[in-house]
Amino acid sequence: MSSLDEERLQAQNRLLIRQRIRLMVNQYEVHAEGPGGEEGELLAFAQQKRLAFKEQVTLYADDTKTRPILGFKARKRIDLASAYDVTDANGQPIGVFRKDFRKSLLASTWHLEQPGLGVTTGSERNKAVAVLRRAWQFIPYVDSLPFAWPYHFDFYAGDQVAFSVDKKFGFRDRYVVDIKDPRLDRRLIIAQAVGLDALQSR
């Protein structure tokens, strides 16, 4: 990743993420926000095999998958509370995120750690929607339906919102990520946002 690409990515205060369903894989496109709130420049692209618990998920600069930006990988193969190590394009660690399994029994809760900044903790803002979304997952064949239940995560550092991930209701999955704390590494935020979708039901 060039220094210019890095500067452009780190300057973003809002990211638009779209999931695309393909045979045997999930694809994620991360865009800058363009004029009028539309999807702008493609900043990152990821492809994840379904049910791949310990797969290294790599995000690239575009869909040619020639220039890696970051990756994340679970420390343990089957562990609902496993930490996911996030690394840069050279494989160097830049942070960690993990699901808080106990708290997630009521409302999904995640912790994101960036060296030098400590831990930000995110949970679903609307607890009623959290309950409905869980009930929805128990309906047979629901995964084959084209509708995506919304959710909204606010990640706090102390008593301040550091960033939020807003999943929109509609056909397939769309997310708006708002970044309030300019010190946060955008690569970590992208990894956490993709992880929310790819790992939420595990």
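Buried means under 20% relative accessible area, exposed means over 50%, and partly exposed covers what lies in between. Keep these cut-offs at hand for the exercises below, and remember that this is a predicted model.

**Exercise 1. Classify E33 and its salt-bridge partner R14, then place the pair in the fold.**

Solution.
Step 1: E33 has 36% relative accessibility. The partly exposed class lies between the 20% and 50% limits, so E33 counts as partly exposed.
Step 2: R14, at 32% relative accessibility, falls in the partly exposed class as well.
Step 3: Now look at the contact itself. The side chains of R14 and E33 form a salt bridge, at 3.2 Å from N to O.
Step 4: Locate the two ends. R14 belongs to strand β1 (residues 14-22) and E33 to strand β2 (residues 25-33), and the pair links distant parts of the chain, 19 residues apart.

**Exercise 2. Find which parts of the chain the salt bridge between E41 and R8 ties together.**

Solution.
Step 1: The side chains of E41 and R8 meet at 2.8 Å, N to O.
Step 2: E41 sits in strand β3 (residues 39-49) while R8 sits in helix α1 (residues 3-10), so this bridge ties together parts that are 33 residues apart in sequence.
Step 3: Check the surroundings. E41 is partly exposed, with a relative accessible area of 37%, and R8 is partly exposed at 29%.

**Exercise 3. Say how many salt bridges the structure holds, and which residues are joined into one network with R14.**

Solution.
Step 1: There are 10 salt bridges in the structure.
Step 2: One of them pairs D62 with R67, with the closest N and O atoms 4.0 Å apart. D62 is partly exposed at 22% relative accessibility, and R67 is partly exposed at 37%.
Step 3: Follow the shared partners: salt bridges join R14, E33 and D178 into one network.

**Exercise 4. Work out how strand β8 is paired and how well it is covered.**

Solution.
Step 1: Start with cover. Strand β8 (residues 109-114) has five of its six residues buried, which makes the strand mostly covered.
Step 2: Turn to one neighbour. Strand β7 (residues 93-99) runs antiparallel to β8, and four bridges join them. Here R98 stands opposite H111 of β8.
Step 3: Turn to the other neighbour. Six bridges join β8 to strand β9 (residues 118-124), again in an antiparallel arrangement. Q114 stands opposite G118 in β9.
Step 4: Inspect the connection. β8 and β9 make a hairpin with three residues between them, and G116 in that turn has a positive phi of about 90°.
Step 5: When you view the strands, bear in mind that in a regular strand the side chains alternate between the two faces of the sheet.

**Exercise 5. Starting from A193, trace a path into the largest nonpolar core.**

Solution.
Step 1: A193 lies in helix α3. With 2% relative accessibility, A193 counts as buried.
Step 2: List its contacts. Leaving out residues up to four places away in sequence, A193 touches I17, V165 and V177.
Step 3: Compare with the core. The largest nonpolar core has 41 residues, and V165 and V177 are among those with the most contacts inside it, as are L59, F72, V86, F97 and F163.
Step 4: Ask which element gives the most to this core: helix α3 (residues 186-199), with nine residues.
Step 5: Finish with a distance to try in your viewer. A193 and F153 are 40 residues apart in sequence, and their C-alpha atoms are 9.6 Å apart in space.

Methods. Residues are numbered from 1 along each chain as its sequence is written. This is a predicted model: local features need pLDDT of at least 70, side-chain atom pairs count only at pLDDT 80 or more; totals for chains, interfaces and linings use all residues. Side-chain values use heavy atoms; hydrogens and water are left out. A nonpolar core is a set of buried Ala, Val, Leu, Ile, Met, Phe, Trp, Tyr and Cys residues joined through side-chain atoms within 4.5 Å. Buried means under 20% relative accessible area, exposed over 50%, partly exposed in between (1.4 Å probe, protein chains only). Helices (H or I, at least four residues) and strands (E, at least two) are DSSP runs, numbered from the N terminus. Two strands pair if DSSP finds at least two bridges between them. Contact means heavy atoms within 4.5 Å.
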